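Here's a walk through one protein chain and its ligand, starting with the overall build and ending with a few loop residues. Have the viewer open as you read.

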Amino acid sequence: MSDNAHLQLDHVVKHFGGLTATNDLSFDVKHGESLGLIGPNGAGKTTIFNLIMGEYRQDSGDILYQNQSITKLPTHARILKGVTRTYQVPRPFSEMSVLENIQIGLMPNQLREMIFQGPDRQKEEEIARNVGLSEQDFNRPPTELSIGDLRKLELARALATNPSLMLLDEVFAGLTLAEIAQIAELINKKRQEGMTFIIISHDLRSLEPLIDRAIAMSFGSIVAQGTFSEVISDQHVQKTYLGDS
Ligand SMILES: Nc1ncnc2c1ncn2[C@@H]1O[C@H](COP(=O)(O)OP(=O)(O)OP(=O)(O)O)[C@@H](O)[C@H]1O
Ligand SMILES: [Mg+2]
């Protein structure tokens, strides 16, 4: 365990019936670090995000954020502390507009202002523009957006919570190269501003330039960790993930 860990998983176990989704898992991410999380389908990557957010509760072990246990905190309290995520399958509120979806993200931090001054449309628009959503989509329902724009909206909603730790689940899936470049640029900008990231991605080529370090998982356990190239060249990773038999 290190002193400057931003987030720490300490012997975390999560079972679903007879299946062990995370198996005595321990790792940390440091302040301002960007950690890549890779592994085959069903390895337990998304489960880790669900546990960090408190959407699932681990069976044993502890999760610490800024050196304090958050295990007993509900999701909204974790978000208020600065932890946020995007979903592998985008989950906007479909009966609301794009901007209203972003407003929901802003709400916990700006509740007072919103009650007294109404929603901060300027702030919503600024976040929407920052992620590359175009003005003509601001008042549309998310059901009319392309997958690329839905992923941008996921990012916008997460950014609206003013996070210091951002968990990105398959942000690049289904995107064009131009959209990937746009989102990569945004992630790099936020990294420069000091935001801490854990990024899950099957798109290793897009992931590589965005991370300081990688962890590879298989069946709920860490099988390799280190720099991207160390992890990718690991024999176990080659076998279990890259299909080299
Ligand atoms: N709510 C749940 N109920 C039962 N089993 C679950 C649940 N969530 C996840 N699992 C199981 O836990 C294991 C890990 O799933 P998880 O979604 O974390 O994998 P993943 O690494 O994110 O995979 P992918 O790359 O396909 O997204 C899988 O076997 C999955 O079926
Ligand atoms: Mg997943």
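What follows goes from the whole chain down to single residues.

**Ground rules**

This is a predicted model, so to speak of local features a pLDDT of at least 70 is needed, side-chain atom pairs count only at pLDDT 80 or more, and totals for chains, interfaces and linings use all residues. Residues are numbered from 1 along each chain as its sequence is written, while chains are lettered from A and ligands numbered from 1 in the order in which they are written.

**The whole chain**

Let's start wide. The protein chain has nine helices and 10 strands, where helices (H or I, at least four residues) and strands (E, at least two) are DSSP runs numbered from the N terminus. Its radius of gyration is 18 Å, close to the 18 Å from the globule rule for 245 residues, so the chain is as compact as a globular protein of that length. That radius is taken over C-alpha atoms, and the rule is 2.2 Å times the number of residues to the power 0.38. Along the principal axes, the C-alpha atoms fill a box of roughly 55 × 40 × 35 Å.

Of the 245 residues, 38% are buried. Here, buried means 20 or more other C-beta atoms within 10 Å of the residue's own, exposed means 12 or fewer, and partly exposed is in between, with C-beta atoms placed from the backbone. Among contacts with a separation of 6 or more, 66% join residues 24 or more positions apart; a contact needs C-beta atoms, placed from the backbone, within 7 Å.

**Two domains**

The chain splits into domain 1 (1-82 + 163-245) and domain 2 (92-161), with bounds that come from an automatic or database domain assignment. Their C-alpha centres are 25 Å apart. Where they meet, 13 residues of domain 1 are in contact with 10 residues of domain 2. On the domain 1 side, α2 (75-81) and α6 (177-192) each supply at least two residues, and α6 gives the most, with four. By class, that side has eight nonpolar, four polar and one charged residues. For the classes, Ala, Val, Leu, Ile, Met, Phe, Trp, Tyr, Cys and Pro count as nonpolar, Asp, Glu, Lys and Arg as charged, and the others, Gly among them, as polar.

How does the length of α6 compare with what its residue count should span? At 1.5 Å a residue, its 16 residues should span 22 Å, and its end C-alpha atoms are 22 Å apart, which agrees. The expected span is 1.5 Å times one less than the number of residues.

**Around ligand 1**

Which residues surround ligand 1? They are Phe16, Leu19, Ala21, Gly39, Asn41, Gly42, Ala43, Gly44, Lys45, Thr46, Thr47 and Gln88, counting a residue when its C-beta atom, placed from the backbone, lies within 6 Å of the ligand. β2 (19-30) and α1 (45-53) are the elements that give two or more residues to this shell. α1 gives the most, with three. The shell divides into four nonpolar, seven polar and one charged residues.

Now for α1 itself: eight of its nine residues are buried, so this helix is largely enclosed by the rest of the structure. Those buried residues are Lys45, Thr46, Thr47, Ile48, Phe49, Asn50, Leu51 and Ile52.

**Positive phi angles**

Most residues other than glycine have a negative phi. Here are four residues that take a positive one, two of them glycines just after helices.

| Residue | Phi | Place |
|---|---|---|
| Gly54 | near 80 degrees | follows α1 |
| Gly194 | about 105 degrees | just after α6 |
| Asn67 | about 65 degrees | loop between β4 (60-65) and β5 (68-69) |
| Asn162 | near 60 degrees | loop between α5 (147-160) and β7 (165-169) |

Is Asn67 buried or exposed? Asn67 is exposed, with 12 other C-beta atoms within 10 Å. Asn162 is partly exposed, with 15.

**A few more loop residues**

Gln66 is in the loop between β4 and β5 and is partly exposed, with 16 C-beta neighbours inside 10 Å. Gln66 and Glu95 are 29 residues apart in sequence and 36 Å apart in space, C-alpha to C-alpha.

Met96 is in the loop between β6 (83-85) and α3 (98-117), and its 14 C-beta neighbours inside 10 Å make it partly exposed. Met96 and Arg140 are 44 residues apart along the chain, with their C-alpha atoms separated by 8.2 Å.

Technical notes
Contact = placed C-beta atoms within 7 Å.
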